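Work through the exercises below with the structure in view. Try each task before reading its solution.

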Amino acid sequence: MREDRTFEKLVIGAIALAGMLLAIGWLTREDPAEKPYLRIAGGGFIYNYRVADVFYGFTAYVLKPLPVETRLHARSVKYGIRSPSVRGVKAGRPYRVSIRIVDYTRTQVIWSDERDYVSQIDDMVVPDKPLTVGPGYHPNPDLVDG
């Protein structure tokens with residue numbers, strides 16, 4: 001009488017399939033050490049005429065842990081970064097932005113990138129003084145005729 005070995009064949013096949021999938025996964029994986037620290041997405045100039053502010057900014061995606069002084073939120077991998085206020089922006093002119101991540105001692109650059117941002121409009125659309133003040137966007141008393 002012949003013994004039925006179907007179950008054994010299924011187990012061996014499942015182990016072989018799992019081994020092949022593991023090998024394929026290992027060969028096609030991305031080595032985290034080869035990833036850059038950040039991926040920069042988008043970016044450009046922001047004009048807030050209400051508060052008379054012009055700045056540029058971008059979104060940074062953290063691709064691997066950063067050994068930096070500033071603590072980043074552990075649950076987030078996306079950060080909005082902005083410059084201090086700027087003035088004198090001209091439409092159509094490229095402005096070079098250097099982005100650097102430095103170590104704790106601020107002596108060694110860990111990662112860097114450069115980008116050009118071009119505004120579609122001059123910053124002349126932004127008034128010299130804010131049109132509004134305070135958290136409620138109240139009219140600026142310096143601009144209101146009394």
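**Exercise 1. Write down the order of the elements in the protein chain, from the N terminus on.**

Solution.
- Step 1. This is a predicted model. Count its elements: the protein chain has 1 helix and 7 strands.
- Step 2. Put them in order. The run is α-β-β-β-β-β-β-β.

**Exercise 2. Set the radius of gyration of the protein chain against that of a compact globule of 146 residues.**

Solution.
- Step 1. A compact globule with 146 residues would come near 15 Å.
- Step 2. The protein chain has 27 Å.
- Step 3. Look at the box. Along the principal axes, the C-alpha atoms fill roughly 110 × 40 × 30 Å.
- Step 4. Turn to burial. Of the 146 residues, 21% are buried.
- Step 5. Add the contacts. Take those between residues at least 6 apart in sequence: 57% of them join residues at least 24 apart.

**Exercise 3. Find the residues with the most contacts inside the largest nonpolar core, and say which strands supply the core.**

Solution.
- Step 1. The largest nonpolar core has 18 residues.
- Step 2. Those with the most contacts inside it are Leu-38, Ile-40, Phe-58, Ile-99, Trp-111 and Tyr-117.
- Step 3. Strands β1, β2, β4 and β5 (109-118) each give this core at least two residues.
- Step 4. Zoom in on Ile-40. Leave aside its neighbours within four places in sequence. Its contacts then include Phe-58, Ile-99, Trp-111 and Tyr-117. Ile-40 also touches Thr-59, Ala-60, Asp-113 and Arg-115.

**Exercise 4. Locate the aromatic pairs and trace which parts of the chain they link.**

Solution.
- Step 1. Searching the whole structure gives 2 aromatic pairs.
- Step 2. One pair is Phe-45 with Tyr-56. Their centres are 5.9 Å apart, with 70° between the planes. Planes over 60 degrees apart count as edge-to-face, so this pair is edge-to-face.
- Step 3. Place these two. Phe-45 is in strand β1 (residues 38-48) and Tyr-56 in strand β2 (residues 53-62), 11 residues apart.
- Step 4. Phe-45 also pairs with Tyr-95, again edge-to-face: 5.5 Å centre to centre and 75° between the planes.
- Step 5. Tyr-95 lies in strand β4 (residues 94-102) and Phe-45 in β1, so this pair ties together parts 50 residues apart in sequence.
- Step 6. Join the results. Phe-45, Tyr-56 and Tyr-95 make one aromatic cluster.

**Exercise 5. Decide for Phe-45 and Tyr-56: buried or partly exposed?**

Solution.
- Step 1. Buried means under 20% relative accessible area.
- Step 2. Phe-45 has 16%, so Phe-45 is buried.
- Step 3. Tyr-56 has 23%, so Tyr-56 is partly exposed.
- Step 4. Check the other partner of Phe-45. Tyr-95 is buried.

**Exercise 6. Describe the surroundings of Asp-53.**

Solution.
- Step 1. Asp-53 belongs to strand β2.
- Step 2. Its relative accessible area is 12%, so Asp-53 is buried.
- Step 3. Its side chain makes a polar contact of 3.2 Å with that of Arg-82. Another, of 2.4 Å, joins the side chains of Asp-53 and Ser-85.
- Step 4. Not counting residues up to four places away in sequence, Asp-53 also touches Ile-46, Tyr-47, Asn-48 and Val-126.

**Exercise 7. Which rings have the charged end of Arg-50 or Lys-64 sitting over them?**

Solution.
- Step 1. The charged end of Arg-50 sits over the ring of Tyr-137, 4.8 Å from its centre.
- Step 2. For Lys-64, the ring is that of Tyr-37, with the charged end 4.6 Å from the ring centre.

Methods. Residues are numbered from 1 along each chain as its sequence is written. This is a predicted model: local features need pLDDT of at least 70, side-chain atom pairs count only at pLDDT 80 or more; totals for chains, interfaces and linings use all residues. Side-chain values use heavy atoms; hydrogens and water are left out. Rings of Phe, Tyr and Trp (its six-membered ring) pair if their centres lie within 6.5 Å; planes under 30 degrees apart count as stacked, over 60 as edge-to-face and the rest as tilted. Helices (H or I, at least four residues) and strands (E, at least two) are DSSP runs, numbered from the N terminus. Buried means under 20% relative accessible area, exposed over 50%, partly exposed in between (1.4 Å probe, protein chains only). A charge sits over a ring if NZ of Lys or CZ of Arg is within 6 Å of the ring centre and within 35 degrees of the ring normal. A polar contact is a pair of N or O atoms within 3.5 Å; within protein, one must be able to donate a hydrogen and the other to accept it, and residues adjacent in sequence count only if both atoms are side-chain atoms. Contact means heavy atoms within 4.5 Å. A nonpolar core is a set of buried Ala, Val, Leu, Ile, Met, Phe, Trp, Tyr and Cys residues joined through side-chain atoms within 4.5 Å. The radius of gyration is taken over C-alpha atoms; the globule rule is 2.2 Å times the number of residues to the power 0.38.
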